[in-house]
Amino acid sequence: PPLEHPEGTMPADAAYYIERQTDAEALKAISGQGVTLTIKGPRQIGKSSLLMRIIDAAAKQGKHTLYLDFQMFDKSSYQNGDNFFRQFAVLLSYKLGLENRTDEYWKLPLSNLIRCSDYVENYILKTLNEPLLLAMDEVERIFGVPFQSDFFSMLRAWHNNRASNSAWAALDLALVTSTEPFAFIEDLNQSPFNVGVVLPLRDFSLEQVNELNAL
């Protein structure tokens with residue numbers, strides 16, 4: 001096949017994609033329901049490309065899929081939690097083809113974490129009424145922002161809620177980060193990065209490089 005550009009995210013059906021053991025583990029995990037999956041590793045090692053394959057596998061299983069790249073948010077969005085959480089909810093609606101109903105939910109005198117969670121549980125998940133994979137790339141852009149603890153606590157709460165609330169069991173989370181989360185999250189009980197399936201992505205072995213060269 002013709003050579004592809006040697007950088008950037010590769011599509012799920014890329015001819016020159018080389019599978020690693022991590023691929024099998026990730027695809028096995030996403031075949032279940034109510035999954036939290038973290039992929040971490042240095043830049044330019046294939047994390048986003050693996051995420052594309054996870055999304056493709058989830059879609060083939062009949063799940064709704066939503067890919068969210070945190071590079072979509074401009075710099076000003078990361079300076080104010082009130083703006084960010086609402087934009088986050090609006091973007092979820094937009095990318096799923098749903099009506100934006102944040103005006104209704106943001107009238108409630110509650111925290112951003114609760115309003116956003118309520119929006120996902122009682123509007124998005126109930127409206128879809130089918131499993132949803134929320135795949136989030138470049139989540140390290142949240143590290144160090146003023147509302148970092150609230151956002152990651154929210155994701156951890158969504159993970160924990162599956163045990164007591166069947167609505168949340170319909171939501172899969174896939175997180176991709178190039179930065180080690182433990183350097184930023186003080187309370188590991190509020191981290192979404194140490195639960196579920198955690199997959200460190202490592203560089204290719206010599207055998208895998210030879211496999212690529214043979215294509």
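Is Thr177 buried or exposed, and what is its relative accessible area? Keep that residue in mind while the tour of this predicted model begins with the whole chain.

Show the full chain as a cartoon and follow it from the N terminus, where the elements run α-β-α-β-α-α-α-β-α-β-β-α, a secondary structure that comes to 7 helices and 5 strands. If you then colour by burial, 47% of the 215 residues in the chain are buried, while the accessible surface comes to about 10,900 Å², with 49% of that area belonging to carbon and sulfur atoms. Among contacts between residues at least 6 apart in sequence, 74% join residues at least 24 apart.

Next, select helix H1, residues 21-30, and display the side chains of Thr22, Asp23, Ala26, Ala29 and Ile30, which are buried. These residues cover an arc of only 135° around the axis, and so they lie on the same side of H1. Turn to the face directed away from that buried side, and you will find the exposed residues Gln21 and Lys28. To see what covers the buried residues of H1, add the elements that include strand E1 (36-40), helix H2 (47-60), strand E3 (132-137), strand E4 (171-177) and strand E5 (197-200).

Finally, stay with strand E4 and select Thr177, which is found in this strand. Thr177 is buried, with a relative accessible area of 0%, which answers the opening question. Leaving aside residues up to four places away in sequence, show what Thr177 touches: Ile39, Lys40, Gly41, Lys47, Val139, Glu140, Phe143 and Phe193.

Methods
Residues are numbered from 1 along each chain as its sequence is written. This is a predicted model: local features need pLDDT of at least 70, side-chain atom pairs count only at pLDDT 80 or more; totals for chains, interfaces and linings use all residues. Side-chain values use heavy atoms; hydrogens and water are left out. Buried means under 20% relative accessible area, exposed over 50%, partly exposed in between (1.4 Å probe, protein chains only). Helices (H or I, at least four residues) and strands (E, at least two) are DSSP runs, numbered from the N terminus. The arc is that of the directions from the helix axis to the C-beta atoms. Contact means heavy atoms within 4.5 Å. Accessible areas come from the Shrake-Rupley method with a 1.4 Å probe; for residues, only the protein chains shown count as cover.
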